[in-house]
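The report below is meant to be read beside the sequence and the coordinates. It takes the chains one after the other and then turns to the contact between them.

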Amino acid sequence: MDTTVAPTGTEGQTWGGGSNPLKASYGKMMMWFFILSDALTFSGFLAAYGFSRFKFIEEWPIADEVFNHFPFMHGTDAPMFYVALMTFILIGSSVTMVLAVDAGHHMDKKKVSFYLLLTVIGGLIFVGSQAWEWKNFINGEYGAVKTKGGKILQFTDAEGSRVALHEFVTVGERPVDALANNEGIWYQSDDPIGSTYTIDEVRKGFAANPDLRIRTQVLQVDAETGASHKTMLSREESLFKLNNQAVGVVEGANLSENEYGAPLFADFFFFITGFHGFHVFSGVVFNLIIFFNVLLGTYERRGSYEMVEKVGLYWHFVDLVWVFVFTFFYLV
Amino acid sequence: MADHAAHTDGHAEHKLEIFRGLVKFKSNTQKIWGVLIFLSLITIVEVILGYIKPDSLNGHILGLKILNWIFIILTLVKAYYITWDFMHMRDEVSGLRRAVVWTGVFLIIYLIAILLVEGEYIYQVYKNAAVSFDF
């Protein structure tokens, strides 16, 4: 039986492009397509973030208030400066990477290894900074209370500057003794209240300080300047809200609560920066592997430093994603 | 010898012009530093704008603040130079460039447009509809 396929004139060839289609090696081209798919993954996350933000456009937390810490400058309000510094660190490590790639083109083993080492260090500083950001966000700063509907109420003085819970709430009697470390079983947690203060203690402290007001998470647009700020309640409205609608104390942020506003904000922050941080971490591991390969002379013997270039593409991609995360989480 | 290696590893000469030929660097290393300075300048502008948040940029165009448009455009500019010069997309053949960039740009615009329109619609239902959970 004649089952042969009609001849197309390409027999004996791998495919039309030969072994180097698009004039890029197989590995480099596939790294590009992996990066494309990874870019689509990150876009999916960021677009979902945008979706949720547009859904709750009037009550989204203000990033400047959430991320305003700077190392060794405790208590100063430094919105965004630390993330800006992190951006410079990551762009800097991108530069050392591209210098390593360039040195590889000139088969300069010494320079390649030196620049790769700098890149690894830059990556580690970045991941460390990310961890520090997480720590600040998880611990929170002022504390707040949440309502039955899951909204956040924050405390301010009469002028509108924020007041922390510990400034006006005192810890009262505790009916139960928490288990000490040497009494519990390792998986048992004993935290009957779940926060430093109970809601009744907050009410008491609030009633005793006539200067205090409550700020809701609803954003209002100033008709004159067009700037938006959170809604401030009067003393009477504040008392009414706190005594009738507040159900619990929130300190810091986790996947189910967020003292700065919508818990969704915290969910997306942890997920997207966590996924990005994981990329940075894996990039550091790849960089370390090729760093040792460079030292061992693997690429010298191979006659080409293309592996540095391929891992470099991945590393630049991580920087590229950060540029977008920086814009959409901190600036916009 | 070094030059010989640069030519045989399959890598064509680097294109050393940026800004459509307005700036031309003498070597690839010099171009890298030039692009770093440019990217840093953009980041500094972004941080200054984000810190001051000038009231004059609070107007809206297409449902988004002018300030936010500026941030997004500056981000795309940064992304372009990272991809073109750090990732050497400028030196690749146009087929590879289009296969990667056009695919990504098309799908991302599509995804963002659909999700943001839907988000805005849900916001309107929550806010204005007679039954706030009836979509």
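What follows describes a predicted model, beginning with the overall layout of chain A.

## Architecture of chain A

The secondary structure of chain A amounts to 9 helices and 5 strands, and these are arranged along the sequence in the pattern α-α-α-α-β-β-α-β-β-α-β-α-α-α. The domain assignment splits chain A into domain 1, made of residues 46–140 + 265–331, and domain 2, made of residues 144–172 + 192–251. Taken over C-alpha atoms, the centres of these two domains of chain A are 36 Å apart.

Of the 332 residues in chain A, 36% are buried. Among the contacts in chain A that join residues at least 6 apart in sequence, 69% link residues at least 24 apart.

## Helix H1 of chain A

Helix H1 of chain A covers residues 26–55. At 1.5 Å a residue, its 30 residues should span 44 Å, and because the end C-alpha atoms are 43 Å apart, the helix agrees with that expectation.

The buried residues of H1(A) include A:Lys28, A:Met29, A:Met31 and A:Trp32, and further along the helix A:Tyr49, A:Arg53 and A:Lys55. Within chain A, the buried residues of H1(A) pack against helix H7 (263–296) and H9, and they also pack against helix H4 (94–128) of chain B.

## Annotated transmembrane regions

For chain A, the unreviewed UniProt entry lists the annotation "transmembrane region" at residues 31–51, 80–100, 112–132, 268–292 and 313–331. In the model, residues 31–51 of chain A are 100% helix and 0% strand, with end C-alpha atoms 30 Å apart. The span 268–292 of chain A is likewise 100% helix and 0% strand, and its end C-alpha atoms lie 36 Å apart.

For chain B, the "transmembrane region" annotation, again from an unreviewed UniProt entry, covers residues 32–52, 64–84 and 99–117. Residues 64–84 of chain B are 90% helix and 10% strand, and the end C-alpha atoms of this span are 28 Å apart. Residues 99–117 of chain B are 100% helix and 0% strand, and here too the end C-alpha atoms are 28 Å apart.

## Domains of chain B

Chain B is assigned domain 1 over residues 2–92 and domain 2 over residues 93–135. The centres of these two domains of chain B, taken over C-alpha atoms, are separated by 26 Å.

## The contact between chains A and B

The contact between the chains draws on 48 residues from chain A and 49 residues from chain B. On the chain A side, helix H1 (26–55), helix H3 (81–105) and helix H9 (306–331) each supply at least two residues, and H1(A) gives the most, with 14 residues. The residues of chain A that touch chain B comprise 28 nonpolar, 15 polar and 5 charged.

One residue of chain B gives a local view of this contact: B:Tyr51, which is found in helix H2 (residues 28–52) of chain B. Leaving aside neighbours within four places in sequence, B:Tyr51 is in contact with A:Pro79 and A:Met80. B:Tyr51 counts as partly exposed because 13 other C-beta atoms lie within 10 Å, whereas a residue is called buried at 20 or more such atoms and exposed at 12 or fewer.

Methods:
Residues are numbered from 1 along each chain as its sequence is written. Chains are lettered from A and ligands numbered from 1 in the order in which they are written. This is a predicted model: local features need pLDDT of at least 70, side-chain atom pairs count only at pLDDT 80 or more; totals for chains, interfaces and linings use all residues. Domain bounds come from an automatic or database domain assignment. Two residues are in contact if their C-beta atoms, placed from the backbone, lie within 7 Å. Helices (H or I, at least four residues) and strands (E, at least two) are DSSP runs, numbered from the N terminus. Ala, Val, Leu, Ile, Met, Phe, Trp, Tyr, Cys and Pro count as nonpolar, Asp, Glu, Lys and Arg as charged, and the others, Gly among them, as polar. UniProt positions are given in the numbering used here, feature names are shortened, and annotations may be inferred rather than shown by experiment. The expected span of a helix is 1.5 Å times one less than its number of residues.
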